[in-house]
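Q: Could you take a close look at one part of this structure with me? I'd like a connected account that a computational chemist can check.

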Amino acid sequence: MRLHRLTLRNFRGVKDRTVDLPGIGTTVIVGDNEVGKSSLVEAFALVFDFPDDSKSTRIRDIQPVGQDVAPEVTVELTLGGRELTYTKRWLKNRSTELSVVEPDGRRQSWTGREAHNEAERRFAENVDPVLWQTLMVGQGQSLVLPTPADAEPLITAVTAESGTPVDGASMPLVTAVEHEYLRYWTRGGRPTGDFAKSAQHVAAAELAAEQALKAMDEVLADIRRAERLALDLADLSGRLDEHLLTVEELRERKKATDEILLRRDSIRSRAETARARLENHTRTRLERERLLVDVERFTKADGELAERWTDADQVARKAAETVHAAEAALAEVVELKDERRAEVQDVERLVSSLMDRAELDRLLGQQAELVDVRARIAAAGTVLDAILVDDAMVNALEDARAKIVEARAALAAGVPEVSVRRLGGEAVELSGTGLDAGSKRNVPSSLDEDGSVELLVSGELVVGVPGQVEVRVRAGGEAATLRAAVDEAVRREKDLLKKARVKDLPAARELLRKGDLASAELQEARRTERSLTSGGDPAERIAVLTSRLGFAEGEEVFEEPPSKQPAVESVPGQMSLFEQFEPDENAFDFEDLEIPEPLDIGELATAQRRLENARTGLAEAERLLGDAEFAAAQARKAADEDRSEAQQARARAELAGERLAAAVEALEAARALLADEDVETAEVEATGEVEAVLDELTAVQEQVDAAGADQVAGELADALAVATRLQGERDVLRDSLRTTEGRLEQSGRDGLATRRDTAELDLAAIRSEYESLKRRADAARRVYETLGRHRAEAQTKYSEPLQTRIEALGRSVYGPSFRVWLDDDLAVAERELDGARLRVESLSTGAQEQLAIITRLAISHLVSTGEGSVPVIFDDALGWSDKARLRDMGALLGRAGDHGQIIILTCMPDRYEYVPRATYLKLES
Amino acid sequence: MSAGRVSVLNAMNDSITFLHSSDWQLGMMRRFLGPDGQARWAQARLDAVMRIGDVAKDTGAAFVVVTGDVFEHNQVERQTILRACEALKRIEVPVVLLPGNHDALEPGSLWSSAQWSGHAPDHVIVVTDSRPLEILPGVEIVGAPWRSRRPVSDPAAPGYAELKPAPAGTTRILLAHGQLTSLSGGMSDVPTIDQAALEAAVADGRLHYVGLGDRHSTTEVTERIWFSGTQEVTAPEETHPGNVLKVTLGADTIEVEPIRVGAWHMVEHHAELYDEESLTALEDFFAELPEKERTYVRLAADGSLPLPLFSRLDATIDSLGEVFASVERWAKFWTVRPAPDAADLDALQLSGPARAAMEELRQALAGGDEGAGAALTLMHRLARDAG
């Protein structure tokens, strides 16, 4: 089929549009959305499917909205080698017209329903619906991979090309084979269903049969065992019976010889008694001999040890004397040493006394100096105590004086200065307040003749000549204030002078100078006192020494000092009396000390030489004492050893005495029982007795030997032992037999043979069923595998033409490594690129779309030579491909046009700008 | 040697009639019967014993002797022993049982068990030694019971070796069990019975009848020496099983008559199959067999059949198995093969891979591949059914 022209009128949004399509090659129809691209495809479907009188909603839907017009479609196409023009108008002025031009140019026309039926028939005859659906890709369908196996033209094409007939007729067989196979096997080839169960039953039955057989084998073994035991038992019983006869015979013989043996036993008994008696006598003799030897030996030892004791005792005594002498010598030397020590002590006391005297002399000098110094300290202290003026006080007094001068100057400047002079004789009296006649003068109450006075009036001055005149001079308001300041300064100076107990400022300055002198004197005296008392108070030491030397014991040495002079001269202007200096009542009184004559130094040197000599003598005596003590210790040690030796010798001697006494006592006791001379006689008699009995024994043994009595007893004992052993063996056999028979009886009750036979019967039945199933299962498997293999081979061959084309097209896009594999429906199942083989579901969306397009182009190519070819229509595809792929896919779409009619509808013309030789049609709205 | 009615002139009025049976082998199992067939067959063997009781009544037999292998094994289950005792009660005359190789007087023997002694009817006597037993005045039974399943010498000899000729007026019957040297063909692995010595004993009047057991087919060895055979068939190889012998001894005469008591059949059949006609013949053979539910057929087949016929053979045998007690393909002699020809395959109208697969299987079968035959048959059936 080829589409040539399509005309739409009043079809959805299209008022009137005709599209001409080249019969071969690729056509790209470009138009924006809603301009009716898809209507072209829809119109083609509707014109064949719906008669003009159809009331279908699909027809009503194509009428433009709100317009009462008739939708109309005209299609011009080639179908089965004939040119068809087919026009249909629905809803209003309905009509259908079909015109067909045969290849030879004949023309036929139909109208109305006939036209519709004829068109429908011709379409169905020439267009395979599967192929048509496969190659027409609607909007949004571009990703769907085609499954074109049922498309007849494709089947025809691949069959023609591969030479392999289509397998369709044997599909029921394939299904039946698979069904049969799955009755016995899983798809993975493991037994299943009844077949698998049967195998399990066989295993269980085999186990049961094996166990039953084993149990029965044990029974059979028991039977054989019991048979053998019975035979052995019979044999053994026979031997035992035979043996018991021998035993009986031996018993009879033994009875006869027992009497002789009895007699021999009696004689043996007597012989034993005699031998014991002899042994007793021999023992007595040996004991007596031993006693005699002991007494002799102990007597000798006793004498020797007593002698040794005496010697040791003498040595000990001599040693004691030596100790005595050494101790006497030691006592003499001790006495000598004591004398020498006493002498040393005497001389030491003398030297000590002389040295005390020398020390006392020194201390007395020091004490006199100290008294002098302390008197100076006391005097200086008295002066200092009396002076209350210091630097600060003098400064304060100076300030106060300055303030007075200052205040007076201010007063003088601020108040009237009145000069009063008595010119005549008339008394002139002066009075008033706040008057100042200068610092050295008092205001007179009257003036002498020619006397005058100059006054500063700060208050009120009354100058009167009594009875004549009275002049009052009164100072202004300020004068009182100035006057008060002067008074305040004067009062302040007086307070300070009173506090310092001085008359005036110069007196204070004189006192300050005297205080400084007294301080210097005091410091110097105290330094001297500290140096004199640095070794302690000499007075205490003097008291100790005088006491020790026996001078003026218990008397007061010092009296009060005699003078009571004031320590400070009176100072002019001083306002009070000086206090008196009080002496120290605790001071030592040297007046009463009886000072001995100073020591002669030669006397002390003589005494020291004596002391040295005495000490040398003492050392000599001590050396002699050490020697004497060593000699005495040596003597005592030797004496101790000798005494110990003597004591040991004594103990040994006493022990030997006791031992001798005991031996003698034992010998006497033994002799009391049997005299020495009888001991040997008794032994000889006993020996004789023994010999006699032994002779008797020899005689009877000869009789025993002659009768063979000993052998009979031995033989009987042996025979009895054998009989016991045989009986034991027989009992063991009998027990084993009983046990085995007991087991057999039990197994008989259990019906083990029946159990075994039943188990084997069951096993045979189950095995037979299994083998039957297995034969069927194996047959099913063989058929399944054989058929499967052949089908796979056929499938490979069958799909080859399509596969080859898909790969050829695909390589132009992806390169030479591109390969595909098809499944039973001839759909692409896997794709390989650069060695990587993937299921199509695993590919990217773009790759899936490209593969879907390539597959359709391949199908179109494959069917293009046949009558059944149809156009390939893509409505809006390649939306998933990138630019590089678009170029390759465009080239592919362009080339595909060489073999058939390819129609592409798109609103994105740039996707298809690389399609070579394509016809571009632009739909305008 | 064939069994049959033996007729000897009865010279004396004074005669004794008894029944001789053997090899009951109660408790025996046959794998080829399957569990269901086995149960019915086991019951049939007991039924046959009970029918011996009927025969005894009908014939006026004075007693019944059973010459060995009464039980299949000394260790049969209790149920078998008790049911045997019940069946024995249905025989109203004395019954003398001889232990055989299957139920020898070995240690653990069934005969010395409490199960037996506690249930055995009083009129049943078990021969446990070779001392003569006067079963009736003037009738003496001597027996040679098996004491072990592996005797070291002629198992019948102990029964008569010490015997002097029977006193006048005494009829003496020997019960023994084992194969005859003459019949075993030297193949027996246990000592056999010296037939010549037996005949000598019969000839010199020490014995008047020798009842033998162990051989399941009724067999006349000499006029007075007989194998009674088993009371009910146990294998297809047996020639005359399922009988009891009615023995009538006169002063100088003997009459032995086999009387059928068995109800089952065990048949061996060999079929040559090569075309539809031969297959139909086989089907006819089965159709004509009587008492199918009590019949076991061991079937051997060789030849080759076209695929449709081969499928038919399979189906036929499968359905026969439902009707007969058992139909067994005798594996050792089952060599019939499918022989597919081109016409068979063409008829299926297969093409492409299916046709190729069948062709491959056909060639494999032709090359001797057994598995291919079964596969081809299956595929043929499936294709036919699918088509």
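What is the mean pLDDT of chain A, and what share of its residues reach 70 or more? And how does helix 10 of chain A sit among the other helices?

A: Happy to! This is a predicted model, in which local features need pLDDT of at least 70, side-chain atom pairs count only at pLDDT 80 or more, and totals for chains, interfaces and linings use all residues. Residues are numbered from 1 along each chain as its sequence is written, chains are lettered from A in the order in which they are written, and side-chain values use heavy atoms, leaving out hydrogens and water.

For chain A the mean pLDDT (the predictor's confidence in each residue, from 0 to 100) is 84, and 94% of residues reach 70 or more. Over residues 553-588 of chain A, however, pLDDT stays under 50. Where pLDDT is low, the predicted coordinates should not be read in detail.

Now to helix 10 of chain A, residues 505-532. Helices here are DSSP runs of H or I, at least four residues, numbered from the N terminus. With 28 residues at 1.5 Å a residue, helix 10 should span 40 Å (1.5 Å times one less than the number of residues), and its end C-alpha atoms are 42 Å apart, which agrees. At its N-terminal end, D504(A) acts as a cap: a side-chain oxygen lies 3.0 Å from the backbone nitrogen of A507(A).

That A507(A) is itself one of the buried residues of helix 10, buried being under 20% relative accessible area with a 1.4 Å probe, protein chains only. Others among them are L511(A), K514(A), A518(A), L522(A) and L532(A). The buried residues pack against helix 7 (193-386), helix 8 (391-414), helix 9 (477-500) and helix 11 (538-549) of chain A, where contact means heavy atoms within 4.5 Å.

Technical notes. Helices (H or I, at least four residues) and strands (E, at least two) are DSSP runs, numbered from the N terminus. Buried means under 20% relative accessible area, exposed over 50%, partly exposed in between (1.4 Å probe, protein chains only). A polar contact is a pair of N or O atoms within 3.5 Å; within protein, one must be able to donate a hydrogen and the other to accept it, and residues adjacent in sequence count only if both atoms are side-chain atoms.
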